[in-house]
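This briefing covers a sheet, a ligand shell and a nonpolar core. The sequence and structure are shown first.

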Amino acid sequence: AEKRGSSIRVENVAQDFGAFAALRDVSIDIEPGELVALLGPSGSGKTTLLRVIAGLNSPDRGRVLFDGEDATLLPVQARHVGMVFQSYALFKHMTVAENIAFGLKVRPRRLRPPRAEIKARVDELLQFVQLDGLGARYPAQLSGGQRQRIALARALAIEPRVLLLDEPFGALDARVRKDLRRWLRDIHKRTGLTTVFVTHDQDEAMELADRVVVLNEGRIEQIGTPEELYDRPASPFVISFVGE
Ligand code: ADP
């Protein structure tokens, strides 16, 4: 791990959609380089919380700090956040290489690396996600697992300090899911990035994460290591969700 990720502090964050409270007073401290799962049933606020951390939603109350700095004041591009979505969100009309380079090419001119450097970085990333030689293909010509690896390469291209993944394996079948889990853990180890991923699958959270944040109706039920959640569940909800 040549570089480490940022610390993330979520401070008393609340998000309302009309009269509906999607997040209520959520606070979390995430260490640099930690791998954290946001776990909870559908509608519990996981994606909303991830989007607040990413800067895609601005919270109604509270704030998010990266390395102690108020990130809610920064434009999304200045947060050094890489995002991966369940549906890959790749550009269909662009090749794999163009998809990976996208985040670099849309930068303002003074922050944009020279063309040769972008190409070198794309090649390096293709190798990193073990898809060498597929740069000229289009997303439709690839499998789901390959597409998700492209999406990850694209997220890594901007050299983020934080990696955020929203149900990254949700669209994949069970066998591919298992492979990609192992692979995400490996990527996390190799990059040292602070990583937060959303899942409704307790096995996935317990198997992968250093710590798990259990959400229920926009509130945190418990934050702990997988062992802590098994050994000392904070509420019947955690027991029902995490199992015994
Ligand atoms: P989860 O990821 O845990 O399934 P979400 O964070 O996606 O939950 O959503 C939490 C709740 O907030 C859901 O009831 C959802 O319908 C609602 N919600 C999320 N985004 C919006 C939005 N942009 N407008 C209105 N309601 C929303």
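In this predicted model, β6 and strand β7 (residues 162-166) run parallel and are joined by five bridges. Phenylalanine 85 stands opposite aspartate 166 in β7. The points below place this pair in its sheet, then turn to the ligand and the core.

**Sheet**
- Six strands form an open sheet with mixed pairing, in the order β6-β7-β8-β3-β9-β10.
- Its edge strands, each pairing on one side only, are β6 (81-85) and β10 (219-224).
- On average, neighbouring strands of this sheet are turned by 15° against each other, direction ignored.

**Ligand shell**
- The residues around the ligand include a run in sequence made up of Ser42, Gly43, Ser44, Gly45, Lys46, Thr47 and Thr48.
- Phe17, Ala22 and Gly40 are also among the residues around the ligand.
- Helix α1 (residues 46-54) supplies three residues, the largest share of this shell.
- By class, the shell consists of seven polar, two nonpolar and one charged residues.

**Nonpolar core**
- The largest nonpolar core has 61 residues, of which Ala37, Leu38, Ile53, Ile100, Ala153, Leu164 and Val213 touch the most other members.
- Helix α4 (residues 144-157) gives the largest share of this core, seven residues.
- Beyond its neighbours within four places in sequence, leucine 164 is in contact with Leu50, Ile53, Ala54, Val81, Gly82, Met83 and Val196.
- Leucine 164 lies within the residue range of β7, and its contacts Val81, Gly82 and Met83 fall in the range of edge strand β6.

Key
Residues numbered from 1 in each chain as written. Predicted model: local features only at pLDDT ≥ 70, side-chain atom pairs only at ≥ 80, totals over all residues. Pairing = 2+ DSSP bridges. Helix = DSSP H or I, 4+ residues; strand = E, 2+ residues; numbered from the N terminus. Axes fitted to C-alpha atoms, helices over the stretch in contact; angles between N-to-C directions. Near = placed C-beta within 6 Å. Nonpolar A, V, L, I, M, F, W, Y, C, P; charged D, E, K, R; others polar. Core = buried A, V, L, I, M, F, W, Y, C linked by C-beta atoms within 7 Å. Buried ≥ 20, exposed ≤ 12 C-beta atoms within 10 Å, placed from the backbone. Contact = placed C-beta atoms within 7 Å.
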